[in-house]
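Visitor: I would like to learn how to read a few features of a protein model. Please show me the structure before we begin.

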Amino acid sequence: MQLRLKNASSRGLLAAAREIAAMCRERGAMLIVDDRADIAMLAGADGVHLGQEDLPLEAARRLVGREMIVGISTHGVEQALAAERGGADYIGFGPLYPGGLRNNAAGKGLEMLREVRAAVRIPIVAIGGITEATMPAALAAGADACAIITDVVRARDLTAKVRAILALQR
């Protein structure tokens with residue numbers, strides 16, 4: 001589970017992160033907090049995910065140590081290699097397809113995902129415009145996991161959508 005509340009106050013984000021971290025622990029799930037290593041630490045989350053303009057990887061690693069997961073958003077081979085060399089535990093790669101939550105005009109595509117997969121050994125989470133229908137292709141191209149947002153949140157039946165996506169991974 002990734003907690004991403006861009007417009008929340010620090011106080012509000014911490015309260016939400018603490019509550020969600022407790023729910024995740026009860027269910028054996030992991031919580032990654034977007035952008036905020038400090039909030040992740042204080043909430044007892046499992047890790048933090050950083051964008052290219054967020055706290056630098058080296059600083060985040062010094063702050064959270066090796067006990068917490070640190071993921072980095074990447075958009076090409078060079079950024080992916082830099083994240084791996086810098087000690088990231090995984091990379092987010094994308095946007096894979098146009099559209100998605102951010103309404104991306106263009107996607108990086110499956111070929112670039114294959115190039116990134118060939119370049120790095122750490123896990124890759126593909127993101128950006130991925131749907132239940134396109135997830136198998138992303139996994140076949142080298143993603144270890146896929147972040148599917150819009151296809152889930154716009155589903156008429158969230159539970160059925162999530163179950164259908166999870167069934168594809170079995």
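Guide: Start with a rule for helix pairs: angles under 35 degrees count as roughly parallel, and angles over 145 as roughly antiparallel. Keep in mind that this model is predicted.

Visitor: At what angle do helix α4 and helix α5 pack?

Guide: Helix α4 covers residues 77-86 and helix α5 covers residues 109-119; they pack at an angle of about 30°, and their axes are 9 Å apart. α4 and α5 are therefore roughly parallel to each other. Their crossing is right-handed.

Visitor: Which residues of α4 and α5 meet?

Guide: From α4 come V77, A80, L81 and E84, and they meet E115, V116 and A119 in α5. The residues of this contact divide into 5 nonpolar, no polar and 2 charged.

Visitor: What is unusual in the backbone, and how do I spot it?

Guide: Most residues other than glycine have a negative phi, and most peptide bonds are trans. Here, D35 has a positive phi of about 75°, although it is not a glycine. D35 sits in the loop between β2 (32-34) and α2 (37-43). A cis peptide bond joins G94 and P95, with omega about 0°. P95 is in the loop between β5 (90-93) and α5.

Visitor: How much space lies in the largest pocket, and which residues are closest to its centre?

Guide: The largest pocket holds about 1700 Å³ of space. It is lined by 50 residues, and the closest to its centre are Q2, I127, A147, I148 and I149. The lining residues divide into 26 nonpolar, 16 polar and 8 charged.

Terms used
Residues numbered from 1 in each chain as written. Predicted model: local features only at pLDDT ≥ 70, side-chain atom pairs only at ≥ 80, totals over all residues. Heavy atoms only, no water. Axes fitted to C-alpha atoms, helices over the stretch in contact; angles between N-to-C directions. Helix = DSSP H or I, 4+ residues; strand = E, 2+ residues; numbered from the N terminus. Parallel < 35°, antiparallel > 145°, perpendicular 65-115°, else oblique. Left-handed = near helix turned anticlockwise from the far one by under 90°. Contact = heavy atoms within 4.5 Å. Nonpolar A, V, L, I, M, F, W, Y, C, P; charged D, E, K, R; others polar. 1 Å grid on protein atoms, 1.4 Å probe; cavity = no way out; pocket = protein on both sides within 12 Å on 5 of 7 lines; lining within 4 Å. Points joined across faces, edges and corners; volume = space filled by probe spheres on them.
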